[in-house]
Every structure is written in structure tokens, then in C-alpha cells.
Amino acid sequence: METQIKEYAKKLKLSWIPANYQTIQAETHEEYLLKLFEHEVQQREERRINLLLKQATLPKIPNKPFD
């Protein structure tokens, strides 16, 4: 069953779920799915922001964080 979950997640391009689906605690099936999807969306947003920052090629100024 674990292999199938990982295969389906890969086909659906759900990268966070196969590595973390067993760690989610929930009272109902709906809550479990909601938490899975919330974490997946958060991970995608973080990867998107990091990619955009990398592509922006902003100048690096020492001792000056982004404002």
C-alpha cells in the first residue's frame, strides 16, 4: 500500500505527501486530507518563492537584509 501511495503521489506531482503522510494526526478523514493538502500547498508556495528569488538575481549587499 505504501508503494502505491508513493506512486500515485508522484503521478499527481504531490512531492510533500509521500514523505510525510504518516506523520499527520487527525480526527476524521476529511481533517486528514485537509492537513495533507495544506502542507502540500505550503511547500509549493515556499519552493515557488525560493525559485523566484533565485531567478531575480538581486544584488547581494553585505550586512543589509531585504527590507
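Buried residues account for 13% of the 67 residues in the protein chain of this predicted model. The accessible surface of the protein chain amounts to about 6,300 Å², and carbon and sulfur atoms contribute 58% of that area.

The secondary structure is quickly told: the protein chain holds 3 helices and 0 strands, and its elements follow the order α-α-α from the N terminus on. With a radius of gyration of 17 Å, well over the 11 Å that the globule rule gives for 67 residues, the protein chain is therefore more spread out than a compact globule. The extents of the C-alpha trace can be set beside this value: along the principal axes of the protein chain, the trace spans about 50 × 25 × 15 Å. Turning to contacts in the protein chain, 29% of those between residues at least 6 apart in sequence join residues at least 24 apart.

A closer look at the surface brings up a nonpolar patch formed by I49, L53 and L58. Together, these residues offer about 260 Å² of accessible area. One of them, L53, sits in helix α3, which covers residues 29-56. The relative accessible area of L53 is 45%, so this residue counts as partly exposed, a class that lies between the limits of 20% for buried and 50% for exposed residues. The same value also agrees with a place for L53 in the patch, because patches are made of residues with over 30% relative accessible area and no salt bridge.

Methods. Residues are numbered from 1 along each chain as its sequence is written. This is a predicted model: local features need pLDDT of at least 70, side-chain atom pairs count only at pLDDT 80 or more; totals for chains, interfaces and linings use all residues. Side-chain values use heavy atoms; hydrogens and water are left out. Patches are made of residues with over 30% relative accessible area and no salt bridge: like charges are joined within 9 Å, nonpolar side chains (Val, Leu, Ile, Met, Phe, Trp, Tyr) within 5 Å. Accessible areas come from the Shrake-Rupley method with a 1.4 Å probe; for residues, only the protein chains shown count as cover. A salt bridge is a side-chain nitrogen of Lys or Arg within 4 Å of a carboxyl oxygen of Asp or Glu. Helices (H or I, at least four residues) and strands (E, at least two) are DSSP runs, numbered from the N terminus. Buried means under 20% relative accessible area, exposed over 50%, partly exposed in between (1.4 Å probe, protein chains only). The radius of gyration is taken over C-alpha atoms; the globule rule is 2.2 Å times the number of residues to the power 0.38. Contact means heavy atoms within 4.5 Å.
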